[in-house]
Amino acid sequence: MADVEPKPRRRAKTLPLPDCVALVLQGGGALGSYQAGVIEGLAGSGIEIDWVAGISIGAVNAAIYAGNPEALRVERLRAFWDRMTGALPSFPIFPDDRVRELIHEWSASYVMMTGVPGFFKPRALSPMFAAPGTPEALSFYDSAPLRETLDALIDWDLLNSGAVRLSVGAVDVESGNFHYFDTTETRIDARHIMASGALPPGLPPIEIDGRLWWDGGLVSNTPLTHVLDHQQGSLLAFQVDLFAAATDLPRTIMDVAAREKEIRFSSRTRQVSDQVMRVRADREAARKVLAKLPPEMMDDPDVQALAARSAEDPVNLVHLIHRANAWEGGSRDFEFSMRTMREHWQAGAEAVAETMANAQLVAANIETGKSAAFDLGRKVLPQRDVMSKS
């Protein structure tokens, strides 16, 4: 990997920035335009991202971010999403959510039949009739167009330079093991990004060095754990959740399909963040007990071992959550219409603006070395108890 001189740290418009700022992007298909809006909003707030980690469509957005200079990132993201949604232009807005939902489902059905330009296309022959063991037998769509799109929009040398760290998750088809491809260890190219988003049975597994890989969301739809496991120094992480963990009870069968998908893809994300904060609370309690011990006990091997295991740098986790509109059903992750894309993009930018309006809470934690998780787009109090670094 190329050596990169550390860039000077700057302060964002409303936040002091810690040692590392990470952007964590989960999978969610067409909902990924919300992440693009978040990226645009963070850039407008003057927030530098040092590390971007993604799963599935989050890996695509992450690669476009890391593989372009600062001045081109939003432009290249816009080019990607315009290409993804060009086949389904904006439709008139209807005031009735039920009518809008029917149009939304029709758009998703159109994608199922025709694919998405620059992303994937239907196979000429059903995999049911393809020769076993061939690529054609393993998926309903061909994702080769995505390679051309990624190569056109990403500077792979810049992406691998280390200017912005990139991590993308995928699953080994044969072993079932989850793995992160990280620019600190691996030279990443289009194959790794495609592998992270190769959701079966729609998209084919991607071969990398003799192994086949599927979508990382099969195991975990958020790369937060990877970021926290490799944290060095104080950390501010923006986690963009495309599926809300909590919402209203379903009222129709379309609501049921939507809610099932939300639970399936969001529960792991919430579980991970909850577990992280519980572990940090336990370590904080251990550090408080250690501080009360008499000096003569500090050389005890057991005390030293406990001190080493409980030591940690502060982390502040900011959730930016896409909360679906009433008309978005179970097909929301593959409804690639231009109007919906633009609405999601705008919603992501607005979520950043709402968060930054209450950023004094995060700023106070960063300045005092405390840790907490926040959802400032919905309420102005931290979601988890604040924990201080001893």
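This passage describes the annotated active site and one helix pair of a predicted model. Local features need pLDDT of at least 70 and side-chain atom pairs pLDDT 80 or more, while totals for chains, interfaces and linings use all residues. Residues are numbered from 1 along each chain as its sequence is written, and side-chain values use heavy atoms, without hydrogens and water.

The "active site" annotation comes from an unreviewed UniProt entry and covers Ser56 and Asp215. Positions follow the numbering used here, feature names are shortened, and such annotations may be inferred rather than shown by experiment. The two residues span 160 residues in sequence, yet their C-alpha atoms are no more than 6.0 Å apart, so they gather at one spot.

Ser56 sits in the loop between β2 (51-55) and α2 (57-66). Helices (H or I, at least four residues) and strands (E, at least two) are DSSP runs, numbered from the N terminus. Asp215 lies in strand β8 (residues 211-215). Ser56 is buried, at 12% relative accessible area. Asp215 is buried too, at 3%. Buried means under 20% relative accessible area (1.4 Å probe, protein chains only).

Contacts (heavy atoms within 4.5 Å) were listed without residues up to four places away in sequence. Ser56 touches Gly27, Ser196, Gly197 and Asp215. Asp215 touches several residues, including Ile55, Val171 and Ala195.

The axes of helix α1 (residues 32-44) and α2 come within 9 Å and cross at roughly 30 degrees. Axes are lines fitted to C-alpha atoms over the stretch in contact, and angles run from 0 to 180 degrees between N-to-C directions. The helices are therefore roughly parallel, a term for angles under 35 degrees.

Definitions and conventions. Buried < 20%, exposed > 50% of the residue type's maximum accessible area, 1.4 Å probe, protein only. Parallel < 35°, antiparallel > 145°, perpendicular 65-115°, else oblique.
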